[in-house]
Amino acid sequence: MTHLGIPAVPSPASRPVGGGVAFANDGHHFAADTGVDTASLAAAASAPLSVILQVTKRCNFDCSFCSEILQLPDPTLEQLDVMRRNLTGVARVFLSGGEPLMRRDFGEIVDMYHQDHILAVPTNATHGLQHARQIAGKIAFANVGLEGPRATTNRVRGDYDQVMHGVRALMDAGIPLSLSAVVYRSTLPALPFTCQIADVLDAGKVKLIMPLRKGNALDLDENEFISDQEAAETFSRLSELRTVHQWRPALRMTTWTPSNEGHMIVIEPNGVARAWPVYDAPDLWEPLGNVLQEPISAIWQRYRFKENHFAKYLGRSIRTAAHTPAARG
Ligand code: SF4
(Lines give C-alpha, C1' and ligand atoms only; values in the text may rest on other atoms or scores of the structure.)
Protein backbone atom coordinates (compact mmCIF):
# COMPACT_ATOMS: atom_id res chain seq x y z
CA MET A 1 0.00 0.00 0.00
CA THR A 2 1.37 3.46 -0.83
CA HIS A 3 1.16 6.24 1.74
CA LEU A 4 -1.70 7.72 -0.31
CA GLY A 5 -3.74 4.62 0.32
CA ILE A 6 -3.43 3.47 -3.31
CA PRO A 7 -2.91 -0.32 -3.46
CA ALA A 8 0.65 -1.00 -4.60
CA VAL A 9 0.60 -3.14 -7.76
CA PRO A 10 3.47 -5.64 -7.69
CA SER A 11 5.62 -4.90 -10.74
CA PRO A 12 7.49 -7.60 -12.64
CA ALA A 13 11.18 -7.77 -11.77
CA SER A 14 12.22 -6.34 -15.13
CA ARG A 15 10.82 -5.00 -18.38
CA PRO A 16 12.35 -5.87 -21.75
CA VAL A 17 13.42 -2.90 -23.89
CA GLY A 18 14.51 -4.86 -26.98
CA GLY A 19 17.75 -6.36 -28.27
CA GLY A 20 17.99 -8.77 -25.30
CA VAL A 21 18.23 -5.89 -22.80
CA ALA A 22 15.85 -5.40 -19.87
CA PHE A 23 15.35 -2.66 -17.30
CA ALA A 24 15.56 -4.00 -13.72
CA ASN A 25 12.68 -2.44 -11.79
CA ASP A 26 14.24 -3.08 -8.38
CA GLY A 27 17.81 -1.85 -8.98
CA HIS A 28 16.85 0.86 -11.56
CA HIS A 29 19.41 -0.20 -14.16
CA PHE A 30 19.67 -2.09 -17.46
CA ALA A 31 20.93 -5.65 -17.74
CA ALA A 32 21.54 -8.23 -20.45
CA ASP A 33 22.46 -11.90 -20.28
CA THR A 34 26.17 -12.32 -19.66
CA GLY A 35 26.43 -14.33 -22.88
CA VAL A 36 25.34 -11.31 -24.92
CA ASP A 37 28.35 -9.45 -26.25
CA THR A 38 28.44 -5.66 -25.68
CA ALA A 39 29.97 -4.85 -29.07
CA SER A 40 27.25 -6.79 -30.91
CA LEU A 41 24.51 -5.08 -28.92
CA ALA A 42 25.97 -1.67 -29.67
CA ALA A 43 26.41 -2.45 -33.37
CA ALA A 44 22.84 -3.74 -33.72
CA ALA A 45 21.23 -0.77 -31.95
CA SER A 46 19.63 2.06 -33.94
CA ALA A 47 19.26 4.40 -30.93
CA PRO A 48 20.81 4.91 -27.48
CA LEU A 49 19.63 2.94 -24.47
CA SER A 50 19.50 6.11 -22.39
CA VAL A 51 19.81 9.87 -22.85
CA ILE A 52 19.96 12.80 -20.46
CA LEU A 53 17.60 15.58 -21.50
CA GLN A 54 18.15 18.90 -19.73
CA VAL A 55 14.71 20.48 -19.41
CA THR A 56 16.34 23.44 -17.66
CA LYS A 57 19.80 24.63 -16.66
CA ARG A 58 18.41 26.51 -13.65
CA CYS A 59 19.04 25.24 -10.15
CA ASN A 60 18.48 26.44 -6.58
CA PHE A 61 21.68 24.77 -5.34
CA ASP A 62 25.31 25.55 -6.15
CA CYS A 63 27.00 22.22 -5.45
CA SER A 64 30.77 22.30 -5.10
CA PHE A 65 31.15 19.71 -7.89
CA CYS A 66 28.46 21.04 -10.29
CA SER A 67 29.50 20.99 -13.94
CA GLU A 68 26.32 22.74 -15.14
CA ILE A 69 27.03 26.35 -14.26
CA LEU A 70 26.39 28.00 -17.65
CA GLN A 71 22.81 29.05 -18.36
CA LEU A 72 20.54 28.62 -21.42
CA PRO A 73 16.83 29.45 -21.76
CA ASP A 74 14.47 26.58 -20.90
CA PRO A 75 13.01 24.73 -23.90
CA THR A 76 9.30 25.42 -24.45
CA LEU A 77 6.75 22.62 -24.26
CA GLU A 78 6.48 22.81 -28.07
CA GLN A 79 10.24 22.32 -28.43
CA LEU A 80 10.15 19.46 -25.93
CA ASP A 81 7.45 17.83 -28.03
CA VAL A 82 9.66 18.07 -31.13
CA MET A 83 12.51 16.50 -29.15
CA ARG A 84 10.15 13.77 -27.91
CA ARG A 85 9.31 12.80 -31.47
CA ASN A 86 12.99 12.82 -32.40
CA LEU A 87 13.86 10.61 -29.42
CA THR A 88 11.75 7.71 -30.70
CA GLY A 89 13.56 4.44 -30.01
CA VAL A 90 15.39 5.59 -26.86
CA ALA A 91 14.49 3.22 -24.01
CA ARG A 92 15.09 5.58 -21.09
CA VAL A 93 15.10 9.35 -20.84
CA PHE A 94 16.46 11.15 -17.79
CA LEU A 95 14.44 14.37 -17.47
CA SER A 96 17.32 16.28 -16.02
CA GLY A 97 18.70 19.73 -15.25
CA GLY A 98 19.90 21.87 -13.67
CA GLU A 99 17.13 21.06 -11.24
CA PRO A 100 14.22 19.77 -13.37
CA LEU A 101 11.58 20.14 -10.63
CA MET A 102 12.12 23.92 -10.72
CA ARG A 103 9.97 23.94 -13.86
CA ARG A 104 6.38 24.63 -12.82
CA ASP A 105 5.21 22.67 -15.86
CA PHE A 106 7.35 19.64 -15.03
CA GLY A 107 4.23 17.48 -14.62
CA GLU A 108 3.21 18.36 -18.19
CA ILE A 109 6.64 17.31 -19.45
CA VAL A 110 6.28 13.95 -17.68
CA ASP A 111 2.80 13.56 -19.17
CA MET A 112 4.28 14.25 -22.61
CA TYR A 113 7.10 11.68 -22.32
CA HIS A 114 6.00 8.85 -20.09
CA GLN A 115 4.10 6.78 -22.68
CA ASP A 116 7.13 6.51 -24.95
CA HIS A 117 10.04 6.08 -22.53
CA ILE A 118 11.12 4.74 -19.18
CA LEU A 119 11.52 8.02 -17.29
CA ALA A 120 14.01 8.80 -14.55
CA VAL A 121 14.41 12.15 -12.80
CA PRO A 122 17.76 13.24 -11.34
CA THR A 123 16.84 15.81 -8.70
CA ASN A 124 17.87 17.50 -5.49
CA ALA A 125 14.24 16.82 -4.40
CA THR A 126 13.77 20.25 -2.83
CA HIS A 127 10.72 20.93 -5.05
CA GLY A 128 9.41 17.39 -4.59
CA LEU A 129 6.25 18.42 -2.79
CA GLN A 130 5.02 20.55 -5.73
CA HIS A 131 5.21 17.72 -8.27
CA ALA A 132 5.14 14.36 -6.47
CA ARG A 133 1.46 13.57 -6.89
CA GLN A 134 1.32 14.50 -10.58
CA ILE A 135 4.37 12.48 -11.61
CA ALA A 136 3.75 9.41 -9.41
CA GLY A 137 3.16 6.25 -11.40
CA LYS A 138 4.68 7.83 -14.53
CA ILE A 139 8.38 7.87 -13.69
CA ALA A 140 10.42 4.74 -12.99
CA PHE A 141 12.43 6.44 -10.26
CA ALA A 142 13.72 9.72 -8.91
CA ASN A 143 17.48 9.81 -8.46
CA VAL A 144 18.16 12.06 -5.49
CA GLY A 145 21.61 13.54 -4.94
CA LEU A 146 22.72 13.16 -1.33
CA GLU A 147 26.17 12.97 0.22
CA GLY A 148 25.06 11.16 3.37
CA PRO A 149 24.67 12.88 6.72
CA ARG A 150 23.54 16.48 7.22
CA ALA A 151 26.99 17.98 7.80
CA THR A 152 28.49 16.41 4.66
CA THR A 153 25.53 17.15 2.38
CA ASN A 154 25.34 20.73 3.65
CA ARG A 155 29.03 21.23 2.97
CA VAL A 156 29.35 19.79 -0.54
CA ARG A 157 25.83 20.04 -2.02
CA GLY A 158 23.05 22.05 -0.40
CA ASP A 159 20.50 22.02 2.40
CA TYR A 160 20.11 18.45 3.71
CA ASP A 161 16.83 19.23 5.47
CA GLN A 162 15.27 20.65 2.30
CA VAL A 163 16.40 17.57 0.39
CA MET A 164 14.94 15.20 2.98
CA HIS A 165 11.69 17.17 3.09
CA GLY A 166 11.35 16.61 -0.65
CA VAL A 167 12.41 12.96 -0.34
CA ARG A 168 9.54 12.38 2.11
CA ALA A 169 7.09 13.98 -0.35
CA LEU A 170 8.33 11.72 -3.18
CA MET A 171 8.10 8.66 -0.94
CA ASP A 172 4.61 9.57 0.28
CA ALA A 173 3.48 9.65 -3.35
CA GLY A 174 4.93 6.16 -3.86
CA ILE A 175 7.74 7.26 -6.20
CA PRO A 176 10.67 4.79 -6.21
CA LEU A 177 13.98 6.39 -5.21
CA SER A 178 17.65 5.91 -5.88
CA LEU A 179 20.47 7.98 -4.45
CA SER A 180 23.61 9.34 -6.05
CA ALA A 181 26.61 10.67 -4.18
CA VAL A 182 29.72 12.39 -5.44
CA VAL A 183 32.88 10.93 -3.93
CA TYR A 184 35.59 13.26 -2.58
CA ARG A 185 38.43 12.20 -0.34
CA SER A 186 36.74 14.23 2.42
CA THR A 187 33.37 12.46 1.90
CA LEU A 188 34.73 8.91 2.11
CA PRO A 189 33.77 8.57 5.83
CA ALA A 190 30.18 9.57 4.96
CA LEU A 191 29.65 6.81 2.36
CA PRO A 192 28.47 4.07 4.76
CA PHE A 193 25.88 6.52 6.12
CA THR A 194 24.71 7.20 2.54
CA CYS A 195 24.20 3.46 2.07
CA GLN A 196 22.36 3.18 5.38
CA ILE A 197 20.09 6.11 4.46
CA ALA A 198 19.43 4.48 1.06
CA ASP A 199 18.50 1.24 2.80
CA VAL A 200 16.10 3.03 5.14
CA LEU A 201 14.51 4.75 2.12
CA ASP A 202 14.23 1.37 0.33
CA ALA A 203 16.18 2.91 -2.56
CA GLY A 204 16.86 0.86 -5.69
CA LYS A 205 20.51 1.80 -5.90
CA VAL A 206 23.27 4.02 -4.62
CA LYS A 207 25.28 5.52 -7.46
CA LEU A 208 28.79 6.72 -6.60
CA ILE A 209 30.36 9.18 -9.02
CA MET A 210 33.78 10.78 -9.15
CA PRO A 211 33.83 14.53 -9.79
CA LEU A 212 34.81 15.72 -13.27
CA ARG A 213 37.06 18.73 -13.73
CA LYS A 214 34.51 21.16 -15.08
CA GLY A 215 32.42 24.03 -13.69
CA ASN A 216 32.56 24.39 -9.91
CA ALA A 217 34.75 21.28 -9.62
CA LEU A 218 37.64 23.26 -11.18
CA ASP A 219 37.89 25.01 -7.80
CA LEU A 220 38.09 21.80 -5.76
CA ASP A 221 41.22 21.10 -3.79
CA GLU A 222 43.36 18.60 -5.72
CA ASN A 223 43.38 16.38 -2.63
CA GLU A 224 39.65 15.75 -3.07
CA PHE A 225 40.20 13.64 -6.23
CA ILE A 226 40.88 10.01 -5.33
CA SER A 227 42.84 7.65 -7.57
CA ASP A 228 41.27 4.70 -9.39
CA GLN A 229 43.06 2.39 -6.97
CA GLU A 230 41.50 4.21 -4.01
CA ALA A 231 38.10 4.05 -5.72
CA ALA A 232 38.50 0.28 -6.11
CA GLU A 233 39.42 -0.08 -2.44
CA THR A 234 36.47 2.12 -1.43
CA PHE A 235 34.05 0.04 -3.45
CA SER A 236 35.41 -3.18 -2.02
CA ARG A 237 35.12 -1.84 1.55
CA LEU A 238 31.53 -0.68 0.96
CA SER A 239 30.63 -4.03 -0.60
CA GLU A 240 31.86 -5.80 2.54
CA LEU A 241 29.85 -3.42 4.75
CA ARG A 242 26.86 -4.00 2.49
CA THR A 243 27.05 -7.70 3.25
CA VAL A 244 27.63 -7.19 6.98
CA HIS A 245 24.70 -4.76 7.35
CA GLN A 246 22.46 -6.47 4.78
CA TRP A 247 21.85 -3.25 2.85
CA ARG A 248 19.49 -3.99 -0.04
CA PRO A 249 20.12 -1.18 -2.57
CA ALA A 250 22.34 -2.00 -5.52
CA LEU A 251 25.72 -0.29 -5.41
CA ARG A 252 27.26 1.17 -8.56
CA MET A 253 30.45 3.18 -8.93
CA THR A 254 31.56 5.01 -12.07
CA THR A 255 35.16 6.11 -12.50
CA TRP A 256 36.60 8.00 -15.42
CA THR A 257 38.53 5.35 -17.29
CA PRO A 258 38.92 5.03 -21.10
CA SER A 259 36.10 2.45 -21.18
CA ASN A 260 33.65 5.02 -19.78
CA GLU A 261 34.70 7.91 -22.00
CA GLY A 262 31.83 9.59 -23.86
CA HIS A 263 29.29 7.02 -22.65
CA MET A 264 26.57 9.58 -21.87
CA ILE A 265 24.52 11.44 -24.47
CA VAL A 266 23.43 14.75 -22.95
CA ILE A 267 20.86 16.93 -24.72
CA GLU A 268 21.01 20.59 -23.72
CA PRO A 269 17.91 22.81 -23.48
CA ASN A 270 18.58 24.10 -27.03
CA GLY A 271 18.49 20.55 -28.43
CA VAL A 272 22.27 20.21 -28.90
CA ALA A 273 23.30 16.61 -28.19
CA ARG A 274 26.80 15.96 -26.90
CA ALA A 275 28.88 12.97 -25.89
CA TRP A 276 30.07 13.34 -22.30
CA PRO A 277 32.68 13.17 -20.86
CA VAL A 278 35.21 13.25 -23.70
CA TYR A 279 38.50 13.68 -21.88
CA ASP A 280 40.44 15.76 -24.40
CA ALA A 281 37.50 17.84 -25.70
CA PRO A 282 36.90 21.45 -24.65
CA ASP A 283 34.70 21.37 -21.52
CA LEU A 284 34.66 17.54 -21.89
CA TRP A 285 31.83 17.84 -24.50
CA GLU A 286 31.83 16.42 -28.03
CA PRO A 287 29.00 17.87 -30.17
CA LEU A 288 26.89 15.25 -31.97
CA GLY A 289 23.93 17.10 -33.54
CA ASN A 290 20.62 18.66 -32.53
CA VAL A 291 17.44 16.76 -31.63
CA LEU A 292 15.32 19.77 -32.52
CA GLN A 293 16.45 19.24 -36.10
CA GLU A 294 17.05 15.52 -36.60
CA PRO A 295 16.11 12.13 -35.15
CA ILE A 296 18.31 10.50 -32.53
CA SER A 297 18.90 7.59 -34.92
CA ALA A 298 20.89 9.96 -37.20
CA ILE A 299 22.89 11.26 -34.22
CA TRP A 300 23.50 7.68 -33.03
CA GLN A 301 25.08 6.78 -36.37
CA ARG A 302 27.82 9.38 -35.96
CA TYR A 303 28.34 8.72 -32.22
CA ARG A 304 31.73 7.06 -31.72
CA PHE A 305 31.23 5.79 -28.16
CA LYS A 306 28.44 3.25 -28.82
CA GLU A 307 30.24 0.37 -27.15
CA ASN A 308 31.18 2.45 -24.10
CA HIS A 309 27.53 3.55 -23.89
CA PHE A 310 26.22 -0.01 -23.78
CA ALA A 311 29.01 -1.27 -21.51
CA LYS A 312 28.35 1.44 -18.94
CA TYR A 313 24.56 1.20 -18.90
CA LEU A 314 24.73 -2.61 -18.71
CA GLY A 315 27.06 -2.27 -15.71
CA ARG A 316 29.99 -3.88 -17.53
CA SER A 317 32.53 -1.05 -17.33
CA ILE A 318 31.70 0.12 -13.81
CA ARG A 319 31.78 -1.51 -10.39
CA THR A 320 28.46 -3.03 -9.36
CA ALA A 321 26.82 -5.00 -6.57
CA ALA A 322 23.27 -6.17 -7.30
CA HIS A 323 20.13 -5.12 -5.46
CA THR A 324 18.99 -7.66 -2.86
CA PRO A 325 15.25 -8.27 -3.11
CA ALA A 326 13.20 -8.20 0.07
CA ALA A 327 12.00 -11.59 1.27
CA ARG A 328 8.31 -12.10 0.42
CA GLY A 329 6.29 -13.12 3.43
S1 SF4 B 1 24.82 19.32 -9.21
FE2 SF4 B 1 22.61 19.35 -9.65
S3 SF4 B 1 21.67 20.04 -7.72
FE4 SF4 B 1 23.84 20.61 -7.63
S5 SF4 B 1 23.97 22.72 -8.42
FE6 SF4 B 1 24.34 21.33 -10.13
S7 SF4 B 1 22.36 21.04 -11.11
FE8 SF4 B 1 21.99 21.85 -9.04
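**Exercise 1. Find the annotated domain and describe its chain.**

Step 1. UniProt, in an unreviewed entry, places the feature "domain: Radical SAM core" at residues 54-181. UniProt positions are given in the numbering used here, feature names are shortened, and annotations may be inferred rather than shown by experiment.

Step 2. Before going on, keep in mind that this is a predicted model: local features need pLDDT of at least 70, side-chain atom pairs count only at pLDDT 80 or more, and totals for chains, interfaces and linings use all residues. Residues are numbered from 1 along each chain as its sequence is written, and side-chain values use heavy atoms, with hydrogens and water left out.

Step 3. Over residues 54-181, helix makes up 36% of the chain and strand 17%. The end C-alpha atoms of this stretch are 20 Å apart. Helices (H or I, at least four residues) and strands (E, at least two) are DSSP runs, numbered from the N terminus.

**Exercise 2. Work out how α4 packs against α6 and against α3.**

Step 1. Start with α4 (residues 128-135) and α6 (residues 160-172): their axes are 8 Å apart, at an angle of about 15°. Axes are lines fitted to C-alpha atoms, for helices over the stretch in contact, and angles run from 0 to 180 degrees between N-to-C directions.

Step 2. The pair α4 and α6 is therefore roughly parallel. Angles under 35 degrees count as roughly parallel, over 145 as roughly antiparallel, 65 to 115 as roughly perpendicular and the rest as oblique.

Step 3. List the contact (heavy atoms within 4.5 Å). From α4 come Gly128, Leu129 and Ala132, and from α6 His165, Gly166, Ala169 and Leu170. By class there are four nonpolar, three polar and no charged residues. Here Ala, Val, Leu, Ile, Met, Phe, Trp, Tyr, Cys and Pro count as nonpolar, Asp, Glu, Lys and Arg as charged, and the others, Gly among them, as polar.

Step 4. Now take α3 (residues 106-113), which packs on α4 at about 30° with the axes 9 Å apart. That angle makes α3 roughly parallel to α4. In α3, Phe106, Gly107, Glu108, Val110 and Asp111 meet His131, Gln134 and Ile135 of α4. This contact divides into three nonpolar, three polar and two charged residues.

**Exercise 3. Classify the packing of α7 and α8.**

Step 1. The axes of α7 (residues 191-200) and α8 (residues 228-245) come within 11 Å and cross at roughly 45°, so the two helices are oblique to each other.

Step 2. Leu191, Pro192 and Cys195 of α7 make the contact with Thr234, Leu238 and Leu241 of α8. Five of these residues are nonpolar, one is polar and none is charged.

**Exercise 4. Trace the strands.**

Step 1. Write down the order of the open sheet of 11 strands: β13-β12-β11-β4-β5-β6-β7-β8-β9-β10-β14, with mixed pairing. Two strands pair if DSSP finds at least two bridges between them. At the edges lie β13 (286-290) and β14 (319-321), each pairing on one side only.

Step 2. Look at one pair inside the sheet. β4 (residues 50-54) and β5 (residues 92-96) run parallel and are joined by five bridges. Ser50 stands opposite Arg92 in β5.

Step 3. Finish with β2 (residues 21-24) and β3 (residues 29-32), which run antiparallel and share four bridges. Phe23 has Phe30 in β3 as its bridge partner. Four residues lie between the strands of this hairpin, where His28 takes a positive phi near 60°.
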